[in-house]
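Have the sequence and the model side by side. We will walk from the inside to the surface, one feature at a time.

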Amino acid sequence: ASVPQTKGKPRLLLMGQRRSGKSSISSVVFHKLPPSETLFLESTARIQKDSLNSFMEFQVWDFPGQIDIFDNPNFTFDIDAIFGEIGALIWVIDAQDDYLESVARLNSTILNLQRGYPHINIEVFIHKVDGLSDDYKLDIQRDVTIRIQDELSDQGIENAPVNFHLTSIYDHSIFEAFSKVIQKLIPRLGQLEAMLTNLCRTCRFEKAYLFDVNTKIYIATDNTPEDMASYEICSDYVDVIIDFTEVYGSPEWKRSDEWRARLEGPPWLQTLENQVACEFAESGMVLADAQRPIMLREVDRFLALVAIMKEGSYDKMPQINMNVDVVVKGLIEFFEITKTKTGIAAVGGGT
Ligand code: GDP
C-alpha cells in the first residue's frame, strides 16, 4: 500500500510496538484527551494519518508496531513517500514492558534509514516512565542508549542523529519532549531564541516561551537554563486562557487603544489585589498567581508569547508592553520569512 504524499509540509512520524502508547501520545498532545481516558483507546492497528491544528502542519503517522515496513511479505510500502519529507521519526518504547524486541526493531529501522535518509532525526521516547523511580528511569535510558549505540558502531555508523527522551502522558514530560523534537525542525531557531533572550533582558522576565497554543508545545525559549517548573506554570496558564476565552477562535486580532488603556491604567492594577487576578482582554492578559505574575500575548492564530515576570513588574507595564509589541512584530516577520524561504507553512489563519 503506497502512502499518499503531502508536499511541502514537515512531518513527524510516530512508530513503535503495539501498546507502547502511540495513540495515547497523539491523542493527549494533539487532541487534548485527558490521559486517564487513553485507557479506552483502541490500539493502533493500521497506519493513521493525523493532520494537526498547529502552527506547522505536522503529520503524525501512527504505525502499528507489528508491521515491518522495510521488509514485509504482504505489502510493498512506498518508502520514499513515507520518509521522503519527514523531519523526525519518533520511536516509542514502553519502559514498563520488556523492550528488547522494540530496541531490536528500532536498530534495524535506524540502519535502514541511514542508507537513504540520514538527515532524519531519530527521537526515542522511553515512554510510560510514570511510576518508575528516578534511578530506574536513568538505568533504562542508559541501557537503551548503549544497546543502540553499540549496534550502530558495530555497523560502522557514527554520529547518527539519535536522541533520547523520558516521557509520560501523565505529566508534562511528553510535551517537553515534543517541544525538543519540534524545535530541531525550525529553521533559524537561534534567532528566535535570541529574540526571547533579549526580551527577558529588557523586560526583566524570568523566563519566556513561544507556545503553540493548541498543543502546548513550546517552539522556543530564552537562553536561561531549562526549568520544568516554569514550563508547567506557563503551559497550565495557556490552558486556563484557552478554556476561559475564545481568544484563539476569533478571526480578528485587533489591539485597541481602549484595551491598552485598561491594561496599563489604574483599574487594572486594582485587580491585582486579589490572590489571583485575571485581566481578560481581547488579545493579551496578565495573571498574578501570588508572587509570580504571568503575561500572555498572542502572536498569530496558533502562537502565543508567554512570560513569567518578576515581582513588582506592574509599574513598568507600559514599557514592558512596548517591548513585547516589538518582539511580537519581529516574530511575525520571522515566520513570514521562514515560510517563504522554506515553503513551510509556519503561520496561518487570521494573519
Ligand atoms: P498504541 O498501540 O501504541 O497506540 O498504544 P495505546 O496508545 O493504545 O496505549 C496502550 C496503553 O498504554 C493504554 O492503556 C494507555 O492508557 C497506556 N499508556 C499510554 N501512555 C502511557 C503513559 O505514559 N503511562 C502509562 N502508565 N500508561 C500509558
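**From the cysteines to the surface**

Start with the sulfur atoms. The sulfur of Cys 203 has its closest cysteine sulfur in Cys 200, 8.0 Å away, which is too far for a bond. Keep in mind that this is a predicted model. Cys 234 gives a similar picture: its closest cysteine sulfur is also in Cys 200, at 10.0 Å, again too far for a bond. A disulfide is a covalent bond between the sulfur atoms of two cysteines. The cut-off used here is 2.5 Å between the two sulfur atoms. A search of the whole structure finds zero disulfides. Are these cysteines buried or exposed? Cys 203 counts as buried because its relative accessibility is 4%. Cys 234 is buried too, at 0%.

Now look at the cores. In soluble globular proteins, nonpolar side chains tend to be buried together. Here, the largest nonpolar core has 61 residues. Phe 178, Leu 192, Phe 205, Leu 210, Ile 219 and Leu 305 touch the most other members. Which helix gives this core its largest share? Helix α10, residues 317-342, supplies eight residues. Another core lies apart from this one. The second core has 33 residues, including Phe 77, Val 129, Ile 157 and Val 162.

Leu 305 leads us to a pair of strands. Leu 305 sits in β12, opposite Arg 297. Strand β11 covers residues 292-298, and β12 covers residues 303-309. The two strands run antiparallel, and five bridges join them. A hairpin of four residues links β11 to β12. Strand β11 is mostly covered, with six of its seven residues buried.

Next, find helix α1, residues 22-31. Nine of its 10 residues are buried. Among them are Lys 22, Ile 25, Val 28, Val 29 and Phe 30. Just after α1 comes Lys 32, with a positive phi of about 55 degrees.

Lys 32 also brings us to the charged pairs. How many salt bridges does the structure hold? There are 12. In one of them, Lys 32 meets Asp 239, with N and O 3.9 Å apart. Lys 32 is in the loop between α1 and β2, while Asp 239 is in helix α7, so the pair ties together parts that are 207 residues apart in sequence. Both ends are partly exposed: Lys 32 has 40% relative accessibility, and Asp 239 has 24%.

Glu 226 and Lys 180 form another salt bridge, with their closest N and O atoms 3.9 Å apart. Glu 226 lies in the loop between β8 and α7, and Lys 180 lies in helix α5, so this pair ties together parts that are 46 residues apart in sequence. Shared partners also join Lys 32, Lys 216 and Asp 239 into one network of salt bridges.

Asp 143 and Arg 147 form a salt bridge within a helix. Their closest N and O atoms are 3.0 Å apart. The two residues are four apart in helix α4, which means about one helical turn separates them. Asp 143 is partly exposed at 25%, and so is Arg 147 at 37%.

Finish on the outside. Leu 39, Phe 40 and Tyr 170 form a nonpolar patch on the surface. Together they have about 410 Å² of accessible area. Tyr 170 lies in the loop between β6 and α5. With 45% relative accessibility, Tyr 170 counts as partly exposed.

Definitions and conventions
Residues are numbered from 1 along each chain as its sequence is written. This is a predicted model: local features need pLDDT of at least 70, side-chain atom pairs count only at pLDDT 80 or more; totals for chains, interfaces and linings use all residues. Side-chain values use heavy atoms; hydrogens and water are left out. Buried means under 20% relative accessible area, exposed over 50%, partly exposed in between (1.4 Å probe, protein chains only). Two strands pair if DSSP finds at least two bridges between them. Patches are made of residues with over 30% relative accessible area and no salt bridge: like charges are joined within 9 Å, nonpolar side chains (Val, Leu, Ile, Met, Phe, Trp, Tyr) within 5 Å. Accessible areas come from the Shrake-Rupley method with a 1.4 Å probe; for residues, only the protein chains shown count as cover. A salt bridge is a side-chain nitrogen of Lys or Arg within 4 Å of a carboxyl oxygen of Asp or Glu. A nonpolar core is a set of buried Ala, Val, Leu, Ile, Met, Phe, Trp, Tyr and Cys residues joined through side-chain atoms within 4.5 Å.
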